[in-house]
Amino acid sequence: MRRILMMVLRNIFMVPFAWFRLCYRASHVEKYSEEDMYMFLKWIDLHANRGGNVHIDVHGKENIPPKDGFMFFPNHQGLYDVLAIIEACPRPFSVVAKKEVANVPFLKQVFACMKAYMLDRDDVRQAMRVILDVSKEVANGRNYLIFAEGTRSKNGNKIAAFKGGSFKAATKAKCPVVPVALIDSFKPFDTNTIQPVTVQVHFLKPVLYEEYKNMKTTELAALVQERIQKTIDANV
């Protein structure tokens, strides 16, 4: 967590003001449009990255669907992943995250501002409600991100198996599935270094409903996983 401390120290005059605004917005999400809230989060993210010697190298923005109502499926390397994609993506999106991160300071406020869903993996009924709610919101034009591995791989740039159940919300919404390859996203927060680091974010060509409508969710998961791993292997 040395890099987080560096981010704070290098933005020491901005941090109290930004923290107050973040906490206020997290407690009053109804007062702000999704676009306004997202631009605010990008502003915080940009300052944090500059202070922490983190550079985001973005590829494939042209693959982000022009119409809202799509879902991102990135590999999951660490606590920094969502922050990397926030800086990289010009379009607002929300997140489905595991409940274990719901009380992590800063991430808690960020997820509140994004109106994210916290998933209890031990509660099947709650998980099904989340899937149904997310599919409805995506069908109505919101964008979402789900980590199909379910938890951090902890193997650097080698991804773990993608779970078919993570794709149920997408198949119900019949939306574009956008694979996202993250490279070295584990380094900012999950290693004890403050050396400059570059995190690569690759938005891959979306898998449209017409392409996956006859697939099982396990088959779709395997397809997305394969495309992400190939991209990682080609760029590390």
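In the predicted model, helix α6 makes the greatest contribution to the lining of the largest pocket, supplying five residues. This pocket encloses about 640 Å³ of space, and its lining comprises 30 residues, among which Leu-119, Arg-121, Ile-146, Phe-147 and Gly-150 lie nearest the centre. The elements that each give two or more residues to this lining are α4, β3 (94–98), α5 (107–113), α6 (124–139) and α7 (168–173). By class, the lining of the largest pocket is made up of 17 nonpolar, six polar and seven charged residues.

Helix α4, which spans residues 81–88 and takes part in lining the largest pocket, is itself mostly covered, with seven of its eight residues buried. These buried positions are Asp-81, Val-82, Leu-83, Ala-84, Ile-85, Ile-86 and Ala-88.

A second pocket, ranking next after the largest, has a volume of about 490 Å³. It is lined by 21 residues, and those closest to its centre are Ile-4, Met-7, Val-8, Ala-48 and Phe-106. Helices α1 (2–10), α2 (15–27) and α3 (34–51) each provide at least two residues of this lining. The lining of the second largest pocket divides into 18 nonpolar, two polar and one charged residues, whereas seven charged residues occur in the lining of the largest pocket.

The strands of the model were examined next. Seven of them form an open sheet in which the order is β1-β7-β6-β2-β5-β3-β4 and the pairing is mixed. The edges of the sheet are occupied by β1 (54–59) and β4 (117–119), each of which pairs on one side only. From one strand to the next, the twist averages 25°. In general, the strands of a sheet pair through backbone hydrogen bonds, in either a parallel or an antiparallel sense. At one edge of the sheet, strand β1 is joined to strand β7 (residues 197–203) in the parallel sense, over six bridges. Within this pair of strands, His-55 has Thr-198 of β7 as its bridge partner. Helix α10 (residues 217–235) packs on the sheet, where it touches β2 (71–74), β6 (177–183) and β7, and the direction of the helix makes about 35° with that of β6. Strand β7 is thus a point of contact for helix α10 as well as the parallel partner of β1.

Technical notes. Residues are numbered from 1 along each chain as its sequence is written. This is a predicted model: local features need pLDDT of at least 70, side-chain atom pairs count only at pLDDT 80 or more; totals for chains, interfaces and linings use all residues. Side-chain values use heavy atoms; hydrogens and water are left out. Two strands pair if DSSP finds at least two bridges between them. Helices (H or I, at least four residues) and strands (E, at least two) are DSSP runs, numbered from the N terminus. Axes are lines fitted to C-alpha atoms, for helices over the stretch in contact, and angles run from 0 to 180 degrees between N-to-C directions. Contact means heavy atoms within 4.5 Å. Buried means under 20% relative accessible area, exposed over 50%, partly exposed in between (1.4 Å probe, protein chains only). On a 1 Å grid over the protein atoms alone, a cavity is a set of points where a 1.4 Å probe fits but cannot get out, and a pocket is an open set with protein on both sides within 12 Å along at least five of seven lines; lining residues have an atom within 4 Å of a point. Grid points are joined across faces, edges and corners, and a volume is the space filled by probe spheres set on the points. Ala, Val, Leu, Ile, Met, Phe, Trp, Tyr, Cys and Pro count as nonpolar, Asp, Glu, Lys and Arg as charged, and the others, Gly among them, as polar.
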